[in-house]
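Me: Could you take a close look at the largest cavity in this model and the residues around it? I would also like to see how that part sits in the rest of the protein.

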Amino acid sequence: MSRTVGLTCIECPTGCALTVVVEEGKALSVGGFGCRRGRDYAIAEIECPVRILTTTVVAEGLSVRMVPVRTSGPIPRERLMDAMAEIRQARAQKQVRVGDVVIADILGLGVDIIATREVL
């Protein structure tokens, strides 16, 4: 049985109102998009949603208590809580610069956790 899902495209400032007909986790048709990026976004959001994760890592012996970090690329939405569990266990114990890897290849996804602020 198919259902219709409404989404707002986030690929550009236009914010097109998208409608997606979904059946068994697959996008059958997409409407309301103003460009190909909107259509591609809707399909990806239904079939394999991904997110950039931003959070903090506990700092030990540094000038701050927490180091702001993010993933170097998108990860599957269903793995966000698994990634957070691993990040909660991590400790930054050395100085970091923007872009330095704090956790390499988190969850074997090929994505690193990188610093977003210089901490000395």
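Reply: Happy to; here is the cavity, followed by its surroundings and the wider chain.

A word on the basis: this is a predicted model, in which local features need pLDDT of at least 70 and side-chain atom pairs count only at pLDDT 80 or more, while totals for chains, interfaces and linings use all residues. Residues are numbered from 1 along each chain as its sequence is written, and side-chain values use heavy atoms, with hydrogens and water left out.

Let us begin with the cavity. On a 1 Å grid over the protein atoms alone, a cavity is a set of points where a 1.4 Å probe fits but cannot get out, and its lining residues have an atom within 4 Å of a point. Grid points are joined across faces, edges and corners, and the volume is the space filled by probe spheres set on the points. The count comes to 1 cavity of 30 Å³ or more, and the largest cavity holds about 30 Å³ of space. Its lining is formed by Cys 9, Cys 12, Cys 16, Leu 18, Phe 33, Gly 34, Cys 35 and Gly 38. By class, that makes 6 nonpolar and 2 polar residues, with no charged ones. Here Ala, Val, Leu, Ile, Met, Phe, Trp, Tyr, Cys and Pro count as nonpolar, Asp, Glu, Lys and Arg as charged, and the others, Gly among them, as polar.

Among the lining residues, Cys 16 is a good one to follow outwards. Cys 16 lies in the loop between strand S1 (3–8) and strand S2 (17–23); helices (H or I, at least four residues) and strands (E, at least two) are DSSP runs, numbered from the N terminus. Cys 16 is buried, with a relative accessible area of 17%, where buried means under 20%, exposed over 50% and partly exposed in between (1.4 Å probe, protein chains only). Leaving out residues up to four places away in sequence, Cys 16 touches Leu 7, Thr 8, Cys 9, Gly 32, Phe 33 and Gly 34, a contact being heavy atoms within 4.5 Å. Of these partners, Cys 9, Phe 33 and Gly 34 also belong to the cavity lining.

Next comes Arg 37, placed in helix H1 (residues 36–47). Arg 37 is partly exposed at a relative accessible area of 45%. Beyond residues up to four places away in sequence, it touches Glu 11 and Cys 12, and Cys 12 is one of the lining residues.

S2 leads on to Glu 24, in the loop between S2 and strand S3 (26–31). Most residues other than glycine have a negative phi, yet phi of Glu 24 is near 50°, a positive value. Glu 24 counts as exposed, at 76% relative accessibility.

Now for the wider chain. The protein has 2 helices and 10 strands, following the pattern β-β-β-α-β-β-β-β-α-β-β-β along the sequence. Its radius of gyration is 18 Å, well over the 14 Å that the globule rule gives for 120 residues, so the protein is more spread out than a compact globule. That radius is taken over C-alpha atoms, and the rule is 2.2 Å times the number of residues to the power 0.38. The C-alpha atoms fill a box of roughly 55 × 30 × 20 Å along the principal axes. Individual C-alpha separations add to the picture: Cys 16 and Thr 56, 40 residues apart along the chain, are separated by 32 Å, and Arg 37 and Gln 93, 56 residues apart in sequence, by 41 Å. Buried residues make up 33% of the 120 residues. Of the contacts with a separation of 6 or more, 42% join residues 24 or more positions apart.

Finally, consider Val 102 in strand S9, whose C-alpha is 35 Å from that of Arg 39. Val 102 is partly exposed at 23% relative accessibility and touches Val 57, Val 69, Ile 113, Ile 114 and Ala 115, again not counting residues up to four places away in sequence. Leu 107 follows in the loop between strand S9 (101–103) and strand S10 (113–115), with a positive phi of about 55° although it is not a glycine.

Definitions and conventions. On a 1 Å grid over the protein atoms alone, a cavity is a set of points where a 1.4 Å probe fits but cannot get out, and a pocket is an open set with protein on both sides within 12 Å along at least five of seven lines; lining residues have an atom within 4 Å of a point.
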